[in-house]
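Visitor: I've got a structure to look at and I'm new to this. Could you walk me through it?

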Amino acid sequence: MKRIGMLTSGGDCQALNAAMRGVVKCLSYSKEDVEIYGFLDGYRGLIYSDFRMLTGADFSGILTKGGTILGTSRTPFKLIREPDEKGLDKVEAMKQNYYKLKLDCLVILGGNGTHKTANLLRQEGLNVVTLPKTIDNDLWGTDMTFGFQSAVDIATDAIDCIHTTAASHGRVFIVEVMGHKVGWLTLNAGMAGGADIILIPEIPYDIDKVVDAIETRQKRGSRFTILAVAEGAISKQDAKLSKKEYKDKLKNTPYPSVSYEIAAQIQKKTGQEVRVTVPGHTQRGGSPCPYDRVFASRLGSEAGKMILKGEYGFMVGYRNREIVKVPLEEVAGKLKMVAPDATIVKEAKMLGISFGD
Ligand code: F6P
């Protein structure tokens, strides 16, 4: 008999359900008796013992369903060691609930913050297996996270739609793409959508270079320009500020996000109309794309196999087209960013895409 606790934590994304289904299907296939304890709304459920017993029926028909059947929430790692408002020690509470339910392991699906807490629980002696989810694709130790390809599809659709209207009106358009502090999503959706300018956090931009790129296009006869701008994009000037100075700047800026600031600057420097589109959380919503369904199912199935063998303390990752076990201590606390001199960036530049650098 295996008693397994499962939770999804952090921002949701597509294919969380597909991944959990993969774990459960694999365990069921093995004929091992299994009890699944589904903790609700991320680590909150484990801290406050809020769970639901799940059966195979709960995982049926969810391969294509976006979101997470367990619900999720953000439990910031920096507060995990701080007692809650009633003085409860959260880490101790999670351990107690784990032992009270006599769990063999926890299956934790999440991104960066989630992995820091998962690693902490491992250090505290709990058996943990994790699965890499996030539309940002910024988890260390895996070439790919599930949710990413689905989000690329949605952001690309947004850019495609903007293309036709931008071309009709002869306008400059900015599509702001999610991705938190990294540019994977913007880079991939930008290239897939044929963006002319791609601005990502890893390559700080110079607004004059951005304007140059727009004007060069116009001189060559293009009526419109599309910019794919990462929500975390930063100018060369701002990149020189200290963390605190930059935070203060963001607090006092009149713009809702960096794209609006860039739009205002382009408008001022060129006198041209600039429109901003922010697909926002649509990028995390809806059904997983076929790639993510397959990918998350594979990862889930491998996690199931690891549980059956009693191999704990790993994230199931993907490197060089192989599913691999990555020790949690290697994953926790690191960001996988786009290298400014990565081959894909060089190739994009050779296609004529400007990064504003
Ligand atoms: O990490 C996923 C993500 O969608 C980021 O791309 C984005 O910055 C953030 O979550 C948004 O968070 P929230 O859903 O809490 O607004």
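Visitor: By class, how many charged residues does the shell around the ligand have?

Guide: Sort the shell by class and you get two nonpolar and three polar residues. Ala, Val, Leu, Ile, Met, Phe, Trp, Tyr, Cys and Pro count as nonpolar, Asp, Glu, Lys and Arg as charged, and the others, Gly among them, as polar. The charged residues in the shell number four.

Visitor: Where does this model come from, and which residues surround the ligand?

Guide: This is a predicted model, where local features need pLDDT of at least 70, side-chain atom pairs count only at pLDDT 80 or more, and totals for chains, interfaces and linings use all residues. Residues are numbered from 1 along each chain as its sequence is written, and side-chain values use heavy atoms, leaving out hydrogens and water. A residue is near the ligand if one of its heavy atoms lies within 4 Å of it. The ones surrounding the ligand are Arg74, Ile135, Asp136, Met178, Gly179, His180, Glu231, His281 and Arg284.

Visitor: How far is a polar side-chain atom of arginine 74 from an oxygen atom of the ligand?

Guide: Let's look at polar contacts, here pairs of N or O atoms within 3.5 Å. A polar backbone atom of glycine 179 is 3.1 Å from a ligand oxygen, and a backbone N or O atom of histidine 180 lies 3.5 Å from one. For the side chain of arginine 74, the distance is 2.9 Å.

Visitor: What is the order of the seven strands in the open sheet?

Guide: Strands are DSSP runs (E, at least two residues), numbered from the N terminus, and two of them pair if DSSP finds at least two bridges between them. The pairing in this sheet is mixed, with strand 1 (residues 2-8) and strand 2 (residues 34-39) running parallel and joined by five bridges. At the edges, strand 3 (51-54) and strand 11 (322-327) each pair on one side only. The order reads 3-2-1-4-5-10-11.

Visitor: Which residue is the bridge partner of glycine 5 in strand 2?

Guide: Glycine 5 finds its partner across the parallel pairing of strand 1 and strand 2. That partner is tyrosine 37.

Visitor: In the open sheet of four strands, which residue in strand 9 is the bridge partner of valine 175?

Guide: That sheet has the order 7-8-6-9, with parallel pairing. Strand 6 (residues 172-177) and strand 9 share four bridges. The strand 9 partner of valine 175 is threonine 277.

How values were computed:
Polar contact = N/O pair within 3.5 Å; in protein donor to acceptor, adjacent residues only side chain to side chain.
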